[in-house]
2 protein chains.
Amino acid sequence: MLYRKGENAKNGSKQQLYARFAEVARALGSDHRLELLELMAQGERCVEELAELAGLTVANASQHLQHLRRAGLVTRRKERKYVFYLLTGDAVLNLVTSLRVTAERHCAEAAGIVDLYFRRRDALEPVSRQELRRRQREGSVVVLDVRPAKEFAAGHIEGAINIPVKELERRLTEVAGGREIVAYCRGPYCVMALEAVAKLRERGFRARRLQDGYPEWRLEGLPIAAGLPGPRGRPGVFSDREPRKSRRAHSR
Amino acid sequence: MLYRKGENAKNGSKQQLYARFAEVARALGSDHRLELLELMAQGERCVEELAELAGLTVANASQHLQHLRRAGLVTRRKERKYVFYLLTGDAVLNLVTSLRVTAERHCAEAAGIVDLYFRRRDALEPVSRQELRRRQREGSVVVLDVRPAKEFAAGHIEGAINIPVKELERRLTEVAGGREIVAYCRGPYCVMALEAVAKLRERGFRARRLQDGYPEWRLEGLPIAAGLPGPRGRPGVFSDREPRKSRRAHSR
DNA sequence: AGGTTACTCAATAATTCATTTGAATGTTAT
DNA sequence: ATAACATTCAAATGAATTATTGAGTAACCT
């Protein structure tokens, strides 16, 4: 055991706790794993699917997924031949969002990269404009504008309701459950819709964000084919149990 | 064999961005760095001070700090002979909090540790920040900051009095009986407030502890007395600290 | 049964990280 | 100027992490 002097000497368990937190953080410390997490944020997926979407070999993806599982960030569900991985809960999504926000806000170096990235981001698998329009016609979706009221008043997507992201917490009752929610904000560089989706999911809503934002909707309306095809199977079907499988300790 | 190409090519910017996020996450992926962050959440500190509090050699602490700095999580300020490190902003605190919440909620293993270590914590039901705020307004409570004087000076809850936990025994007379005492310290994993509450109760005071600590209070925008840079004393002067001797680092 | 699919495991090399040591800055006091 | 101090740097070591390979397991399909 480790010994330390001073006021910390007496609590090694505090150190243990920090070590555990660090382990979780380290699980986030890989670009591939972050990408896998964002893919899983849309719903459960099987290993091969994740591997292909993230551009990894299956074996490598499998190992990354197990790393995440060891850290408690994802769980898995076996069905027939397949193993579906999913996020352990929405706290994970919050954590990833928080990481992104912090990284964006405090890394000048990243700012340039962020711009590039946001121009063509497909990471959170947004709803395309085309898809949203189709689903709006079906009435299977609630469109949520999370920009400030003034901007909403100046123009917004037809049929959208407006709850600024800052008021979302206390106005949650205005959002009817049941239908999936599609949130949007100012545009591709704006994180408000991301935050809204994270919050909504935390409260048990099904929520996704719209690709880009209002200006793009208004100006173009013509969706480019998304980088990723829609989620296979039925999305949003989460089952929470995990048949705890054999776990081997690795000796080294 | 590898799906590393094709129309879904993960070219530069996206990978670069993920890599940047991962770098930030990796900076959090060390128990020592997490501890340093918690210390800095109390206010800026110089390297030697941080090293001693975290039980590291100065050189090692310096390198960890630079790791954090590279990730954009802390900045530094030079003054005279000293280099003071501080958190880049509150987003960092949010990130660390988010990490903690996620780790607690989703790691069975961590839950065990948290439980073991903080079984007492639950026994001493904490006062929520809202409750404290309310009772502060009615004047029915004494707020007691049990952190070292230096941290108190760097910023504290408005209206709080400061008696470091180590001096509590011999300064008990300063605490008026009658009103209930709410003690707080650095944060949720800091035991100083717990100890203070235990001691106070032994002496017949009514005492509870505040949920979390000063950084969380400040983060919510609740009233604080901000520290003044003012005439700065020499850093590293701790009232009752033994002279430094050899330090043992440790591995786990 | 034999073959395929979906995933995991074990062993490897390449890389990165943490820590220690001692020396090199740069600032302040004498 | 010299000494003392605070911090950083540079090199070395061992430990941990990564991607790759190929083998292993279990479910599924004729």
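1. Helices and strands are DSSP runs, numbered from the N terminus, a helix having at least four residues and a strand at least two. In these terms, α5(B) gives the most to the lining of the largest cavity, namely five residues. The structure under discussion is a predicted model.

2. The largest cavity has a volume of about 200 Å³, and a search of the whole structure finds seven cavities of 30 Å³ or more. Its lining comprises 19 residues; Tyr18(A), Glu38(B), Val96(B), Arg100(B) and Glu216(B) lie nearest the centre. By class, the lining has 12 nonpolar, three polar and four charged residues.

3. Where does the largest cavity lie with respect to domain 1 (5–91) and domain 2 (123–233) of chain B? Both domains give residues to the lining, so the cavity lies between them. The elements that each supply at least two lining residues are α1 (12–27) of chain A and, from chain B, α2 (31–40), α5 (90–106) and α11 (214–219).

4. Turning to the nucleic acid, 25 residues are around DNA strand D, and those that come nearest are His64(A), Ser62(B), Gln66(B), Arg76(B) and Tyr85(B). Of the atoms of DNA strand D that come within 4 Å of the protein, 82% belong to sugar and phosphate. The surface near this strand has eight nonpolar, nine polar and eight charged residues.

5. Several side chains approach phosphate oxygens of DNA strand D. For Arg76(B), a polar side-chain atom lies 2.4 Å from such an oxygen; for Arg33(A), the corresponding distance is 3.0 Å. An N or O atom in the side chain of Asn60(A) is 3.1 Å from a phosphate oxygen of the strand. Two or more residues of the surface near DNA strand D come from each of α2 (31–40) and α4 (58–70) of chain A, and from each of α3 (47–54), α4 (58–70) and β3 (82–87) of chain B.

6. Strand β3(B) also merits attention for its pairing. With β2 (residues 74–79) of chain B, β3(B) pairs in the antiparallel sense over six bridges, and Tyr82(B) is the bridge partner of Glu79(B). The hairpin of these strands has two residues between them, and within this hairpin Arg80(B) takes a positive phi near 55°.

7. Strand β1 (residues 45–46) of chain B is joined to β3(B) by two bridges, and the two run antiparallel. Here Arg45(B) stands opposite Tyr85(B); Tyr85(B) is also one of the residues that come nearest to DNA strand D.

Notes. Residues numbered from 1 in each chain as written. Chains lettered and ligands numbered in written order. Predicted model: local features only at pLDDT ≥ 70, side-chain atom pairs only at ≥ 80, totals over all residues. Heavy atoms only, no water. Near = heavy atom within 4 Å. Polar contact = N/O pair within 3.5 Å; in protein donor to acceptor, adjacent residues only side chain to side chain. Nonpolar A, V, L, I, M, F, W, Y, C, P; charged D, E, K, R; others polar. Pairing = 2+ DSSP bridges. 1 Å grid on protein atoms, 1.4 Å probe; cavity = no way out; pocket = protein on both sides within 12 Å on 5 of 7 lines; lining within 4 Å. Points joined across faces, edges and corners; volume = space filled by probe spheres on them. Domains from an automatic or database assignment.
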